[in-house]
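Please look at the sequence and the 3D structure shown here. The paragraphs after it go from the chain as a whole to its sheets, its cavities and some details of the backbone.

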Amino acid sequence: MNAPETLSRWSGTGSSRIPFWAYTDAQLYQRELEKVFYGRHWCYVGLEVEVPNVGDFRLSWVGERQVILVRDRVAPKDRGTDTGIRVVENRCAHRGVRFCQQPQGNARSFVCPYHQWTYRLNGELAGLPFKDGVKDGDCVNGGMPADFDLKSNGLTRLRVEVLHGLVFATFSDDAEPLREYLGPEILPWLDRIFSKRQLTLLGYNRQRIPGNWKLMMENIKDPYHPGLLHTWFVTFGLWRADQKSRMVMDSHGRHAVMISRRNDGGENKVVTEGVTSFKANMALNDTRLLDVVPEPWWKVADPTNPGAEIMPTVTMITLFPSLIIQQQVNSLSTRHIVPRGEGEFDFVWTHFGFADDTPEMTRRRLRQANLFGPAGFVSADDGEVIELSQQGFAQWGEDGSTLCELGGTGTGGTEHMVTETLIRSMYAYWRKVMGV
């Protein structure tokens, strides 16, 4: 299908000026769902640890389609190659009912309450009432047609790949394998956090943010704002412009990693003078909130400098279109973006640790998580500024555009954070996918 004229009105060839209609156009948003979330992309749906036992399930989302993450039975001979993790759409193949209402639980099978169609955990249709009709004397009333095939009438089953306990799914048969989709530039940073570690689930936060879903992707691809917007970051040295940093992206510009190392904070007039969010006299009543303990896995061989090592205190990984993975000192979480229209999205935080964490480290991770989440001392700022951005776009109308030209108008990685290159690179990719 050719893009309607209303979707092809981006003037110019670059990606440093994003028109406001990219965030507010309802028709464009519907095309995003089809091209991005239901197209040739892998979307995060959850953690393998969330469904530890056979029959365990949890509701999740790919775009606006609700799906069920479930652990299926696996034959002993297949356990070396089959994780047992399945993702099926929460929509009955009979009359389209969203049949699973519990957000999580354990089930032997899934049954639609409307007409009792029953599905195996892998989505196959196991049976249905009156399939062969109802016998009345010598007659049989009703029943499905003779050529009705159980195998052809199951739930929509998504392709699934599990990487280090992260579960991804796609509706597309044509999407490349997950590791190719993520790319060799991004994989080392996922390996650093997850490789050979058993995850433990620490808890959830959820919020609904009145802004376009892409604004959250932008926010975590924007190393420029943290040292300006966030009092906590600039005052206590968690993330600001005088730190050693690096911006990494995949070959398409869709995924990225912002890498940095914490400093001691305090005043440095090069980056704090005139910055209103910097509070020189700010002190903690409870210093345990920043009780940072370096972990052995932080230090890794530098992927871009053979023979050298790097020890970041923070890596913010954005996996287009729907996942952010945060390592901010000892706090670890996934953040799942669930679009709810062109001007709203749900944001689901899943905080995790590792099975070999000491009780002290678990408490530390939970304590530092208070910096993040919907009411976090840092992240509350992001939700608010995204809402204000969306309001500004709607107020101005069709003719306005954002300006993302810090560090130039081109794309590519950098060795510093005074740049908007990751945002420009994402929109260069988005334009190709969307045909605008």
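**From the whole chain to its parts**

A compact globule of 436 residues would have a radius of gyration near 22 Å, and the chain has 24 Å, so the two values agree. The model is a predicted one. Along the principal axes, the C-alpha atoms fill a box of roughly 95 × 55 × 40 Å. The chain contains eleven helices and 21 strands.

Some of these strands are arranged in sheets. Strands of a sheet pair through backbone hydrogen bonds, and the pairing is either parallel or antiparallel. In one open sheet, seven strands follow the order 13-21-20-19-18-15-14, with antiparallel pairing. At its edges are strand 13 (199-209) and strand 14 (245-249), each of which pairs on one side only. From one strand to the next, the twist averages 15°. To see one pairing in detail, take strand 13 and strand 21 (residues 345-354), which run antiparallel and are joined by ten bridges. Within this pair, Leu 199 stands opposite Phe 354 of strand 21.

Which helix packs on this sheet? Helix 4 (residues 187-194) does, and among the strands it touches are strand 13, strand 14 and strand 18 (314-319). The direction of helix 4 makes about 120° with that of strand 18.

Another open sheet has four strands in the order 4-3-2-5, again with antiparallel pairing. Its edge strands are strand 4 (85-89) and strand 5 (104-106), and each pairs on one side only. Neighbouring strands of this sheet are turned by 30° against each other on average, direction ignored. Strand 2 (residues 56-62) pairs with strand 3 (residues 65-71) in the antiparallel sense over six bridges. Phe 57 stands opposite Val 70 in strand 3.

Next come the enclosed spaces. How many cavities of 30 Å³ or more does a search of the whole structure find? The search finds two. The largest cavity has a volume of about 140 Å³. It is lined by 15 residues, and those closest to its centre are Ile 220, Pro 226, His 230, Phe 233 and Met 316. Helix 5 (213-220) and helix 10 (379-396) are the elements that give two or more residues to this lining. By class, the lining of the largest cavity has eight nonpolar, five polar and two charged residues.

The second largest cavity holds about 40 Å³ of space. Its lining includes Gln 207, Met 216, Arg 335, Trp 349 and Asp 382. Strand 13, helix 5, strand 21 and helix 10 each give two or more residues to this lining. The largest share, three residues, comes from helix 10. Four residues of the lining of the second largest cavity are nonpolar, four are polar and two are charged.

Two details of the backbone remain. Most residues other than glycine have a negative phi, and most peptide bonds are trans. Against this background, the peptide bond from Phe 320 to Pro 321 is cis, with omega near 10°. Pro 321 is in the loop between strand 18 and strand 19, and strand 19 covers residues 323-328. Gln 116 is not a glycine, yet its phi is positive, at about 65°. Gln 116 is found in the loop between strand 6 (110-111) and strand 7 (118-119).

How values were computed:
Residues numbered from 1 in each chain as written. Predicted model: local features only at pLDDT ≥ 70, side-chain atom pairs only at ≥ 80, totals over all residues. Heavy atoms only, no water. Pairing = 2+ DSSP bridges. Axes fitted to C-alpha atoms, helices over the stretch in contact; angles between N-to-C directions. Contact = heavy atoms within 4.5 Å. 1 Å grid on protein atoms, 1.4 Å probe; cavity = no way out; pocket = protein on both sides within 12 Å on 5 of 7 lines; lining within 4 Å. Points joined across faces, edges and corners; volume = space filled by probe spheres on them. Nonpolar A, V, L, I, M, F, W, Y, C, P; charged D, E, K, R; others polar. Rg over C-alpha atoms; globule rule 2.2 N^0.38 Å.
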